[in-house]
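Biologist: I would like to go through this model with you, beginning with its charged pairs. Could you bring it up?
Modeller: Certainly; here it is.

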Amino acid sequence: MFAKRTKSKSRTAATQAADLSTAPAPAAQNDQPAAPSLIDKWLATAKTWLLTGNLVAKLGLVILFIGVAFLLKYVAATITIPIELRLAGVVAADLGLLAWGWRLRTRRREIGLPVQGTAIAILMLVIFGAHQRYDLIPAGVAFGLLVCLTVFTCLLAVLQNAPWLAAFGITGGFACPLLLSTGQGNHIALFSYYALLNAGVFVLAIKRSWQPLNLLGFAFTFVVGTAWGVLRYTPENYPSAQGFLILFFLCYVAISLAFAHQQQARLKNYVDATLVLGTPLLAFGLQVGLVKDKPFGLALSTLALGGFYLATALVLLKRGRERWRVMLEAYAALGVIFGTLAIPFALDARWTSAAWALEGAGFVWLGLRWRRVLVWIFGLLLQFGAGLSFIAAATDLTPYAATSAHLWLGCLLLAASGFAVALSLRKHASESDGLIMLAESFLTLSAIWLLAGCWTEAIVRTGGGALANWLVAGALFTALLLYGVSVRLSWPMARQPALAAQIAGAVALGVVSAPGWSWTTMFEANRDVPLLGVVMLATAAYATAHLARRAQPAQADPAPLDATQSHPTQSHPTFSSAMLLWAGIWWFGPAINIAAGRLIAYLPQDLGSPTARWTALYALGVAATALAAMYLAARLSWPQLRRSAFVCWGMLALVTADILYTLYQTHALPQPASWLAWALLWSSGEFLMVRWSRGGPEMGRGTLKLLHLLRSGGPWLALWPAGAILIDGWLMAPTPDPYDSTQESWLTDAAWSNYLPTWTMMLALVFLLRRSLAGRWPATPLADWYRTRVIPGATTLMVALAVSWNLKHDGGMAPLPYLPLLNPLDLTTGFVLMLGASVLRQLTGPAAADAGLRRSLQQLRLAGLAGAYIWFNLILLRSAAHYLGIDYRLPDLAASQVVQAMLSLVWSASALVLMRLAARRAMRSSWWTGAAMLGVVVLKLFMVDLDNSGSIARVVSFVGVGLLLLLVGYFAPYPKTGQRPPATPPTAPA
């Protein structure tokens, strides 16, 4: 067969070769078939290998494969399979079991449902064991898998309407941690797992009314929870145990409501008594074990439980009384029961009087509603009896016992009951005039009880400054509530005891804190000063001023200053302003002062001394208060509030003066805290000026000029010394006195620290000039004043500085070499001249209508030209001093022959230029000025240069001046009478 195949292959190859030799050339490339792909080649090879070749060899390969399989099996039998693979096998088999149960759901329902439940329980067991016992999967992954499995179980049960499937799966889920427990499990993991299962029960309760499933989850949850609480609970587990108990309680309350909702559609008895009554009883029993050792634990628990059931009953009432009647009655009864239990758990015999007061308020309400006089009179007697009983019980307490007696709660209950009685009496006051007086009396009595409760607790528990703070707080709290009553209930009489309570608080603070209290001390000797009380009094005074401003004289019963006045004093503007001033005194005086002193320790010491840090904090308080007052002035249409800005501006003036004094007198930078205070006050003051007009009338122009001068002048004056100090420090060449103008005290680097800051000052003036021309900030609304007064005055100061420096400084710029015009002194002088020219140009417009001002400006221009020429000569002298090695002193410069020759030539050349220009323009005065300059030169030649015998400088001087005189005579003759400047001939067209 092998030979036959070889012969066939040879014949096939020969045939192909003959075909190829006889075939014509392909007409086109597209007629050739496409080359086979790689996959086709592999398939062809595999087909050839499978259908052709040595079959005996291939059979050997198959047998070898089987042997290798046996080898693998042997290896698998002798090597332990990892737990991961075993669990994976269990999961795979269980998924097959679940799929088989799903296929049986229609043919064999009685088998399919248990099989599905068992499979789901096994999956839960595997997941829980993989996490808890083998630690193969993290808690988050296990949590997610259990959630998905619970949802899947609920979905299967709902789709097949199979409660027992759900019960089977839920039972398996609840039993998993019990079966795998080692006695050392994590209770958080356990109850989190149970929470997931209960979530599934809740979802099923929403979809189906399966009561056995609800009871099954309820039993498992609370039985296991109770067992864990008895055997394993410790006080350290309280937060988690409390959270899980609340979660399970809410879950089964929701399940009972969901079950009732499902049963309504079937017109059945929809109250599951086991869940409705069993849930609060079992939950409360477990709660007792959790909070039995905590103060007021049972009281708060029962109160919360009662409030929850009453709130739920109210919600059911709004959803339909008849639909939820049985549930509503059950929940209301539970709420009343647990609410009633809260009283004996919280109160002892001393507080029974408070309960009498509440009962009395109820009798008053019922008596007035049913028109039973004896009933509401009995209620009033109960009120008085409760008060007397409480006072008698409280007076028998020792000071030590009073601290733990919680007297404030009794006073609060008495105040609440008295207020309720007052409301009831006022509601029915139209039936009897005596009820009005009774209502007002009980309102006052209620306020007294409330104030007594606040003060009693403060007196027995605090002392010193803290006591004063609490006394003020209690009084103002009472006043605030009374004012709220007057507004909300339209009861103006309540403002009288409100004002009385405020006065009582001020008196109490004074009585407690008067010994040793000084308002003027910057730093406290101790922390016993009642800062909070002072702040509250200031706030209360402000609120009183605000209310007095809003009150109208025509009101029937506003809040008077005292009860004997027949007209309200708060409605008078003077009273409002006085109260506002009183609030400002409390606030800007002791309040911010004490607060700043206390906050010093919280600021880094690198900011400066305690005084500087106190200044920064005080400035922050003043600025914040002024900004808030300005905002409220516009918001409330209350212009008087804007006066707080003057406190900010006044402090800005003080801080500015202090900083300038430090810079100019001590030649040192102020402390960082001082800079911070200045920045806060400056920015706040600027904002206050901008916003001033929004809260009332405009500010006077004179006051506004002073504020602008303070705001703009202070920082501008600080630029020079502050910049000099910083540059000196940066160049590391400090001098004892960097502002000394004498040459002896100067070091090589002093020029930088003197001149560079002035550039910043001039840039500030240029910026201010441009903004004033545009009518923009910071010049508005005094742009004209800035252009005509402020900027020219500042420019004059810069000119004076430039003149002084040019006369005394040599323009050195070490460590850099000296360069004419490019050294700091010459650059500074040039900038000053340009600044002066800009200012004069801006003053030309206003001077158009004033002849005297025009003459003054012309004289200033001529002075500027003269100054520029003098500066040019000083540049020559400084250049000679540096390049010729001459000291920059007048005697040394005058003794130099080269300098004398240079001056002669320069002055002569300058005269030539001036006289030539004057001759062309027929300006005789200018020509005479040039002639005078030449006269000075000639005089200098014969009086000074002539003495330099034998020097080339004298030759240069004389020759140069002579030639220049010849040029003047030739090019700049004296202008004739009536001569006019020659007209420029028109340019011929191209």
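Biologist: Which side chain meets Asp826 in a salt bridge?
Modeller: Please keep in mind that this is a predicted model. The partner of Asp826 is Arg878, with 2.5 Å from N to O.

Biologist: Where do Arg878 and Asp826 lie?
Modeller: Arg878 belongs to helix α30 (residues 851-883) and Asp826 to helix α29, so their salt bridge ties together parts that are 52 residues apart in sequence.

Biologist: Is Arg878 buried or exposed? And what about Asp826?
Modeller: Arg878 is buried, at a relative accessible area of 0%. Asp826 is buried as well, with a value of 1%.

Biologist: Why can such side chains pair at all?
Modeller: In general, side chains of opposite charge can pair when their charged atoms come close.

Biologist: How many salt bridges does the structure hold?
Modeller: There are four. One of them joins Glu686 and Arg711, whose closest N and O atoms are 2.4 Å apart. Glu686 is part of helix α25 and Arg711 of helix α26, so this pair links parts 25 residues apart in sequence. Both Glu686 and Arg711 are buried.

Biologist: And which residue does Arg787 meet in a salt bridge?
Modeller: Arg787 meets Asp784, at 2.2 Å from N to O. Both residues lie in helix α28, three residues apart, or about one turn of the helix.

Biologist: Why does Asp784 count as partly exposed?
Modeller: Its relative accessibility is 46%, and the partly exposed class runs between 20% and 50%.

Biologist: Let us turn to the nonpolar side. How many residues are in the largest nonpolar core?
Modeller: That core has 63 residues, and those with the most contacts inside it are Tyr618, Trp649 and Met798. Several helices each supply at least two of its residues, among them α22 (573-599), α24 (644-665), α26 (701-731) and α29 (824-844). The largest share, 10 residues, comes from α28.

Biologist: What does Trp649 touch?
Modeller: Leaving aside residues up to four places away in sequence, Trp649 touches Gly685, Leu688, Met689, Trp692, Met699, Leu707 and Leu710.

Biologist: What does the second core include?
Modeller: The second core is separate and has 55 residues, including Phe174, Phe248, Ala260 and Ala313. Phe248 also appears in a cluster linked by ring pairs, together with Phe191, Trp228 and Phe244.

Biologist: On the subject of rings, how many aromatic pairs are there?
Modeller: The count comes to 24 aromatic pairs. In one of them, the rings of Trp649 and Trp692 have centres 5.8 Å apart and planes at 40 degrees, so the pair is tilted. Trp649 sits in helix α24 and Trp692 in the loop between α25 and α26, so this pair ties together parts that are 43 residues apart in sequence.

Biologist: Are those two tryptophans buried or exposed?
Modeller: Trp649 is buried, with a relative accessible area of 4%. Trp692 also counts as buried, at 9% relative accessibility.

Biologist: How are Trp675 and Trp678 arranged?
Modeller: They form a tilted aromatic pair, 5.8 Å centre to centre and with 35 degrees between the planes. Being three residues apart in helix α25, they are separated by about one helical turn. Trp675 is partly exposed, with a relative accessible area of 28%, whereas Trp678 is buried at 7%.

Biologist: Which charged end sits over the ring of Trp692?
Modeller: That of Arg642, 4.2 Å from the ring centre. Likewise, the charged end of Arg426 sits over the ring of Trp491, 4.7 Å from its centre.

Biologist: Finally, the chain as a whole. How many helices and strands does it have?
Modeller: The protein chain has 34 helices and zero strands. Of its 990 residues, 41% count as buried.

Biologist: What share of the contacts joins residues at least 24 apart?
Modeller: Among contacts between residues at least 6 apart in sequence, the share is 71%.

Biologist: And how much surface does the chain expose?
Modeller: About 54500 Å², of which carbon and sulfur atoms supply 69%.

Conventions. Residues are numbered from 1 along each chain as its sequence is written. This is a predicted model: local features need pLDDT of at least 70, side-chain atom pairs count only at pLDDT 80 or more; totals for chains, interfaces and linings use all residues. Side-chain values use heavy atoms; hydrogens and water are left out. A nonpolar core is a set of buried Ala, Val, Leu, Ile, Met, Phe, Trp, Tyr and Cys residues joined through side-chain atoms within 4.5 Å. Buried means under 20% relative accessible area, exposed over 50%, partly exposed in between (1.4 Å probe, protein chains only). Helices (H or I, at least four residues) and strands (E, at least two) are DSSP runs, numbered from the N terminus. Contact means heavy atoms within 4.5 Å. Rings of Phe, Tyr and Trp (its six-membered ring) pair if their centres lie within 6.5 Å; planes under 30 degrees apart count as stacked, over 60 as edge-to-face and the rest as tilted. A charge sits over a ring if NZ of Lys or CZ of Arg is within 6 Å of the ring centre and within 35 degrees of the ring normal. Accessible areas come from the Shrake-Rupley method with a 1.4 Å probe; for residues, only the protein chains shown count as cover.
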